[in-house]
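Welcome! Here are some short exercises, each followed by a worked solution. Take a look at the molecule first, then try each task before reading on.

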Amino acid sequence: QGMDAGVFRAVGTYSMDSGEAAVRFAVTNLNHALLGQFVEPALGGDLRLSSLRVDVDADASYSPTGTSTIKGNLNVGQLIIRDPSGMIPADPIGVVAAIDAGIAIGHAKFDLKVPLLRGTVTANGVSAGNFDARADFSSATQSGNFQLSATGFNEVLLAPLSKSFLGEKSLRSVALNATAGGKFDLSKTS
C-alpha cells in the first residue's frame, strides 16, 4: 500500500564446467508491509503485526560433488504484535542470530551439519537472553543429534509476558537457563 517492503541484493558466480556456484546476498528492511500478509494469518484471532524489520546477509556456496554451505547473519527487529486483549505486550522484540551450516549431497544420501546457530533476544532494545543450537543428520544412517541451550532469559522479556497471569503482582527478577540435547534414529520404529 505504497510502502517499501524491503531491498534484495545478490551477486554470484557459476561455473559451467564444475557446476559449482557461490552467491552473496543481502536483504535489508524486509518489513511488515510485505511480511504482514503471511505472518498475520499464522497469528490467528485479532492479533496484528504492527511492526517488523528483517535484515539478512549471507554467503552461500553450492557444490554438486562436495559440501554446500551457508554462513550468515539474521537480524529481526522492531517486532511488535498488536493484541487488543493486552495479553501480548506492545514492546518491540528483536533477535540477532548467526548461522553456519553445510550439506553434503552424494549418491542418494546427504549429511546435514549445523555447527553453529547462535543468537541474542532483546526486548525494548535491552538484552533478554541468548540461545545456541547445534545439530547434524545423516540420511545414510537416518540418525543425528542436537544440542540446544538458552541462557540468561530474564525479566526484560518475561515480565511483560507474565502480566496477564500475575494480575497486580509483578515479576521483578528472573534468570532462566536451560540445556537440552539428544540423539535420534529415524530408521527405527517405535
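**Exercise 1. Salt bridges**

How many salt bridges does the count come to?

*Solution.* Keep in mind from the start that this is a predicted model.

Step 1. Recall the idea behind the search: side chains of opposite charge can pair when their charged atoms come close.

Step 2. Apply the cut-off, a side-chain nitrogen of Lys or Arg within 4 Å of a carboxyl oxygen of Asp or Glu. By this rule the count comes to 4 salt bridges.

**Exercise 2. A pair from distant parts of the chain**

Find the partner of D59 in a salt bridge, and say which strands the two residues belong to.

*Solution.* Step 1. The partner is R24, and the closest N and O atoms of the pair are 2.7 Å apart.

Step 2. Now place both residues: D59 sits in strand β3, while R24 sits in strand β2, which covers residues 21-31. With 35 residues separating them, the pair links distant parts of the chain.

Step 3. Check how open each residue is. Partly exposed means a relative accessible area between 20% and 50%. D59, at 37% relative accessibility, is therefore partly exposed. R24 has 42%, so R24 is partly exposed as well.

**Exercise 3. Buried or partly exposed?**

Take the salt bridges D55 with R53 and R134 with D132, and sort their four residues into buried and partly exposed ones.

*Solution.* Step 1. Begin with D55 and R53, whose side chains meet at 2.9 Å, N to O. The relative accessible area of D55 is 18%, so D55 is buried. For R53 the value is 28%, so R53 is partly exposed.

Step 2. Go on to R134 and D132, which meet at 3.4 Å, N to O. R134 has a relative accessible area of 31% and is therefore partly exposed. D132 has 14%, so D132 is buried.

Step 3. Look for a further member around this second pair. R118 joins in: R118, D132 and R134 are linked in a network of salt bridges.

**Exercise 4. The surroundings of L116**

Which residues does L116 touch, leaving out those up to four places away in sequence?

*Solution.* Step 1. Locate L116 in strand β6. Its relative accessibility is 22%, so L116 counts as partly exposed.

Step 2. List the contacts: A98, I99, D100, D132, A133 and R134. Two of these names, D132 and R134, appeared in the salt-bridge network with R118.

Step 3. Add a distance across the chain. A26 is 90 residues from L116 in sequence, and their C-alpha atoms are 20 Å apart in space.

**Exercise 5. A leucine in a loop**

Where does L47 sit, and what does it contact beyond its neighbours within four places in sequence?

*Solution.* Step 1. L47 lies in the loop between α1 (32-43) and β3 (48-62).

Step 2. L47 is in contact with E40, I81, R82, D83 and I88. For one of these, R82, the C-alpha atom is 5.7 Å from that of L47, although the two positions lie 35 residues apart along the chain.

Step 3. L47 has a relative accessibility of 16%, so L47 counts as buried.

**Exercise 6. Positive phi angles**

What is the phi of N124, and what is the phi of Q142?

*Solution.* Step 1. N124 is not a glycine, yet its phi is positive, about 55°. The residue is in the loop between β6 (109-123) and β7 (126-138), and 47% relative accessibility makes N124 partly exposed.

Step 2. Q142, also not a glycine, has a positive phi of about 55°. Its loop runs between β7 and β8 (143-154). With a relative accessible area of 29%, Q142 is partly exposed.

**Exercise 7. The whole chain**

In what order do the elements of the chain run from the N terminus on?

*Solution.* Step 1. The chain has 2 helices and 9 strands, in the order β-β-α-β-β-β-β-β-β-α-β.

Step 2. Compare the spread with the globule rule. The radius of gyration is 20 Å, well over the 16 Å that the rule gives for 190 residues, so the chain is more spread out than a compact globule.

Step 3. Finish with two overall values. The C-alpha atoms fill a box of roughly 65 × 50 × 30 Å along the principal axes, and 23% of the 190 residues count as buried.

How values were computed: Residues are numbered from 1 along each chain as its sequence is written. This is a predicted model: local features need pLDDT of at least 70, side-chain atom pairs count only at pLDDT 80 or more; totals for chains, interfaces and linings use all residues. Side-chain values use heavy atoms; hydrogens and water are left out. The radius of gyration is taken over C-alpha atoms; the globule rule is 2.2 Å times the number of residues to the power 0.38. Buried means under 20% relative accessible area, exposed over 50%, partly exposed in between (1.4 Å probe, protein chains only). Contact means heavy atoms within 4.5 Å.
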